[in-house]
Every structure is written in structure tokens, then in C-alpha cells.
Amino acid sequence: MTQTTDHSPPFSAPVLLQGGRRPALAACLVRGAIAAGLGLGTFAVLVIALWISSPYPDSGPNGALHVAAGLWLLAHGTELVRSETLSGQQAPIGIVPLLLVVVPAWLAHRAARDGLLPADDRPRPSARGALCAVSLGYLLVGAAATVYAAGGPLAPDLLSAVLHLPLVTLAAVGAGVWTASGRPGGPLPEWVPARLRKELARTRVAVATRSGAAGALTLLGGGALLVAASMVWNADATQDSFLHLADVWSGRLAVLMLGMALVPNAAVWAAAYGLGPGFALGTGATATPLALTGDPALPHFPLVAAVPAEGPGTPLNWAAAVVPLAAALIVAHFTADRAAPRQGDRATAWGMGETALAALQGAVVCGVLTGFLAAAAGGPLGTGRLTAFGPVWWLTGAAALVWSAVVAVPVALGLRAWRVRGRAVGADGSPVPAAAVPGPSSPAPGAAGGVEVDDMDDEEFDPYDFLPEFPTGSRKTDTSPDGTATAADGSSDGPGDGAGDATGSGRDDRAPWAVPLSPWPKAPGLSSIALDADRAKADGEKRDREERDREERDREERDREEADASAAERTEDPGTSSTRSPATNPTDNRADTGAAGVDAAQPSPTLPARLPAGLPDQPAGRADADRDDSGPPATP
């Protein structure tokens, strides 16, 4: 049988593809354009459905499509300008519903991630090439949408579109490339200064980033709880605002969907409220836990109806401070878990200075993220008094930093001190590793500057802390004065290597499963308890062996007596064995041969009354068969 080997290049080799990596980059470009088109299509379907269901449409399908393109640009942070107002002046709309950002960001992220996945029909592009290609395809469609929406009722601001659309696109696509590359933690690009790269590569920075992000998420979740509690508390005002904004179900559905898209914004506003700076309700009003000052310009909207009432704050308003307190505790918890882990090696715990610095850096990260969310959640809703709505980003970020630093640093130090309690610390506050516990090969404590066993009281020990000196099945050794352990079979071990030596390995070579003995010497008063137990066990085993020997001797005596009785019967009737029929002894078929007659004619010798001690006991039938074969037995 002949075997052949195919040495042709694989079918999916990148060398055989047309143009190298160009098809892969072209595919990434198309993916970016498709992602942008899917986002536009999603908003278009939603707006067209609401336009069709509305009983009073203001414009035709062309106007609905222009609104859909404007909303898609708004989801990227682009500020829109509303031209059709009662006053005739253009009114900006700068508050971006944060929930809408999820749709285009996820589509761009997925396009970049899928573009870097390996495929059989094309080579895998580089990360930088995929980033550029997907972003370029996405921005081309975005530019077309910007030009198209400029002639609609919600026209985009060109400067805002130029700034925000590429920024959001690059961030989402970069996250997709990072995900497809395995989420690497480094190395940083070469253009980053070496000192900064070294500082960012520290473990403390990673811990601070994680703890700060956890604190910011806690603030966001706590703000959402505050919003829900306020809406329940002001349920009548919220319901009245919702019912009076629209009379038909399609309009109420639009209000409900817009309110859901603004829930993350309301959560950020509530977090800023709990931090202290609060949020603006127009240019002349601010809502804080202490009071609601000024004349708020509140539009009729369900989420705005949940704003606290005017006047000084009450203890119920002050209770909002629980949210930043919880966020600071989360920062401290994450920091302490790394500085002094519960189940980790306590000797590797961080020092006090390192722990405090990590908690402070986590507070900085929490403040930066909170300020960024506050900047994204606010914006103008018109002109005049409506130009400022939402929290002030730098005040909110500073408040989050102060709360986290003041609470997280001492709490993290307290948790670290609690987890490393009972251990010595060095001059810098770092824990000193505990003394090494003597192992099986370490000298005994009493041998070299250790604790003398004779100075200890027996009451300080528990009998279950000590094992028998010689486990069952192990060889027993006697230790000579020079420290040499001699076994019972005459073999000799080196000093401290015997099976019963407390400072040796304590393991019998012939019983490797035996548990090694403790390296610590036995207390004098308690070792006798173990020795007495061993003696009692040995005595019991000796009695059992004697009993078995006695039963064996009795059994042999009975067998000899039965053999003597059989021999006596054969002496009284010597012809029995020669006249037996084959049926009597079916195993002996030689009775029919001539030897049987010869043996029968010979006289049967007289057997002794007792068999000699050296001959084995045999049944009567077997003895007769043996005499038939070999003739008369020899006289003893």
C-alpha cells in the first residue's frame, strides 16, 4: 500500500489571496459603513412608526427621516438646533439621552471586533488598519447623514458634529479592536513618556482604576435608586405630567420612550444631588440637599416632576448623602482587598503608605469618571433661562473626589490594619514576615536556642496534639547515645533519620503511607499515655496469637487420633482393602488389573498401632491405594 503526501500550500494561505491585506481593510471599511447604516435604520424605523401612528403628523415622511437622522447624530453627542419655535428663534438641544448612545456605540464596537476575527477566505488585518478602516467607513456615512439632516427641523450644529462624531466613533471602534486583541493590558505606545509608562504599569494603578470605576458605578446605581424613590414619593405630579403631555396612545408612547432614554441622565443628576453640588434647573435655580434656590424653569415632563419641592431641605433630603458614602466604602473595600487579602499571604500585605496612596488614586479615578458622566448628562434645552440644565461637571467631579478621599483612605487603612493584626510591623508600617515554622528537617526547638520541653507544663497541651511514637506497621528503632538510630533488623540509620526520631522525617520506608511524626518533642508526662496504649495493644495481639496456636494444636491432635482409629480398623480386617470393588473407590481403577490379584495373595503385614510422627496422616482409602501400588509398606 503506497502513501502519498500533499505538499501543496493550504487553500487559505494569505499569500494566495488577491492583494495581501487590502481585501481585509476593504472589508473593515464596509463593516464600518454597514454599522452606521444599521444605526440610522434603527432610528428611522422608530421615527416612521411613531409618525404613522400619530393622528396629527406635522410633516410628511421626508420630515420624519430628517428627524431620524438628527436623533442619530444626537446619540453621538452632536448638539441639535430646533428652528421651528414659538418665538421664531433657533433653540439648541444639547442634552443627549445617554441610553441612545448605546445603540451606535455597540454597532461600531461589533464591526471592529468582527473585522479582526480570523477567516479562511481573507487575511487578518492589523489592529491599527482595522481601527482606521472601520472608523473611516463609519464616518463617511456619518458625514452623509449630517449633510442630509441639515435641512430638517432638527439640524445638527456643524462644529459640534465635527467634534463629537469622530470622538465617539474612535472610542467605540477602539474598544472593539481592543476586545478582538484579547483586552491586553500593555505595553503602552512608544510615544507615551517612559516615566509615565513605568508608573502606569504598577499594580497600584490597576487597583486604583478598578476601585475608582466601582465607586463611580456605585454612585450611578445609587442615583437611580434616588430617582425611583423620588418618583414614587411624587407619584401624583409624575402621573399628571405624563397624562397631560399627550392625549393619544402614540404620543404617550413617545413620551415614555424618551423618559426611558433619559433615565441614565436622571441617575447622574441624582448622584450629583447626593454629592452636594446638585444640578441646575435653568440659569437661576439649583437643587441641592440643603435647599432648592432660585426660580426653576421646569418643563412639563415626568422626570422633572420628581424634583424636590422648593425651600430648605429636610432630613429626608439629607439622607441622599448615603450614596456617596457607599461609593467611598466601595473604593476602600476594593483597595483593602488587594492591600491585605483575606485568604492571601499576610506577609505580602502592602504598607500603610502604599495602601493610602492606592485609595487616594482610586478616589481620583472616581472623581474623574463622575465628572465625565456629569458633563455628558447635562446641556441646554433652549435659550435664555434654559441654557443650563444638569450638574456642573467640575463641581460634581471635585465633590466625588473629596468624598472618596476623606472616607476611603482611613477606611482602607483600618481594614488593612484589622487584617494584619497580631503581627509585627517595620518602621515604614509594612508587616514583617513571621518566623518560619520548623519543618521536618529543621532542628528541634530545644536543640539550638529553642524552647526547652522540660520547662513546659503538661496542662498546656492537648493529648490529641501528639501521635504514638511508632505507628502501627512501622519499624521500631532504638536511638543510641551518639544519635544513631538502629532498627530491629540490625540496620542503622544516620542521626535523626530513624522512624521514631522526632527530628527526622518520621516516615517508615516500608510504610510510605504512614503520617510523618511531628518535628516537636513530646511532653514527658503525656508520652507515657501513648506508650501504655501501645503495650496494651501488643499484649492483646500476643494473646490472640497464643489462642490461634492452641486451636491449631488441638486440631492436629484430633486428626492424629482419627488416623490411629482408621489404622486399627484395617489391622482387624486385613482383606478389606484387597477385596474392595471399584464402586467403593471410584477413583482407583487399578483394582481390575493383575496387580490386584498379586497383592491379594500376599499376606498383609501387621500395621503398628500408631503411625510414626514423621509420616503424614492419610485417609484409609488413599493408604490402601498406595499399598496396592507399591506392595507391603516397610516396617518402621
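**Cysteines, a nonpolar patch and an open sheet in a predicted model**

The count of disulfides is 0. A disulfide is a covalent bond between the sulfur atoms of two cysteines. Two such atoms are counted as a disulfide if they lie within 2.5 Å. The structure is a predicted model. Two cysteines illustrate contrasting surroundings. C132 has a relative accessible area of 48%. This value falls between the limits of 20% and 50%, so C132 is classed as partly exposed. C366 has a relative accessible area of 0%. That is under 20%, so C366 is buried.

The chain as a whole was then examined. It contains 17 helices and 11 strands. It has 636 residues, and buried residues make up 33% of them. The accessible surface comes to about 37200 Å². Carbon and sulfur atoms account for 63% of that surface. Contacts were also sorted by separation in sequence. Among contacts between residues at least 6 apart, 70% join residues at least 24 apart.

A nonpolar patch was found on the surface. Its area is about 820 Å². The patch is made by L99, V102, W106, W249, L253, L256, M260 and V263. Two helices, α3 (98-115) and α9 (249-261), each supply at least two of these residues. Helix α9 gives the largest share, with 4 residues. V263 belongs to helix α10, which spans residues 263-275. The relative accessible area of V263 is 40%. V263 is therefore partly exposed, as the value lies between 20% and 50%. Membership of a patch requires over 30% relative accessible area, a cut-off that V263 passes at 40%.

The strands include an open sheet. Five strands form this sheet, in the order β7-β6-β5-β4-β8, and the pairing is antiparallel. The edges are β7 (311-312) and β8 (389-390), each of which pairs on one side only. At one end of the order, β7 pairs with β6 (residues 291-294). The two strands run in the antiparallel sense, and 2 bridges join them. One residue pair can be named here: L292 has G311 in β7 as its bridge partner.

The loop between β4 (279-281) and β5 (285-287) holds G282. The relative accessible area of G282 is 5%. G282 is buried because this value is under 20%. Leaving out residues up to four places away in sequence, G282 touches R385, A388 and F389. F389 falls within the range of edge strand β8 (389-390). G282 was also compared with D295. These residues are 13 apart in sequence, and their C-alpha atoms are 8.3 Å apart in space.

A second buried site lies in a helix. Y138 is part of α4, which covers residues 127-149. Its relative accessibility is 2%. Y138 therefore counts as buried, under the limit of 20%. Neighbours within four places in sequence were set aside for the contacts of Y138. The remaining partners are G32, A33, A35, A36, W72, H76, P104, A108 and T169. Two of these partners, P104 and A108, have numbers within the range of α3 (98-115). That helix also supplies residues to the nonpolar patch. Y138 and V173 are 35 residues apart in sequence. In space, the distance between Y138 and V173 is 9.5 Å, C-alpha to C-alpha.

Terms used: Residues are numbered from 1 along each chain as its sequence is written. This is a predicted model: local features need pLDDT of at least 70, side-chain atom pairs count only at pLDDT 80 or more; totals for chains, interfaces and linings use all residues. Side-chain values use heavy atoms; hydrogens and water are left out. Buried means under 20% relative accessible area, exposed over 50%, partly exposed in between (1.4 Å probe, protein chains only). Patches are made of residues with over 30% relative accessible area and no salt bridge: like charges are joined within 9 Å, nonpolar side chains (Val, Leu, Ile, Met, Phe, Trp, Tyr) within 5 Å. Accessible areas come from the Shrake-Rupley method with a 1.4 Å probe; for residues, only the protein chains shown count as cover. A salt bridge is a side-chain nitrogen of Lys or Arg within 4 Å of a carboxyl oxygen of Asp or Glu. Two strands pair if DSSP finds at least two bridges between them. Contact means heavy atoms within 4.5 Å.
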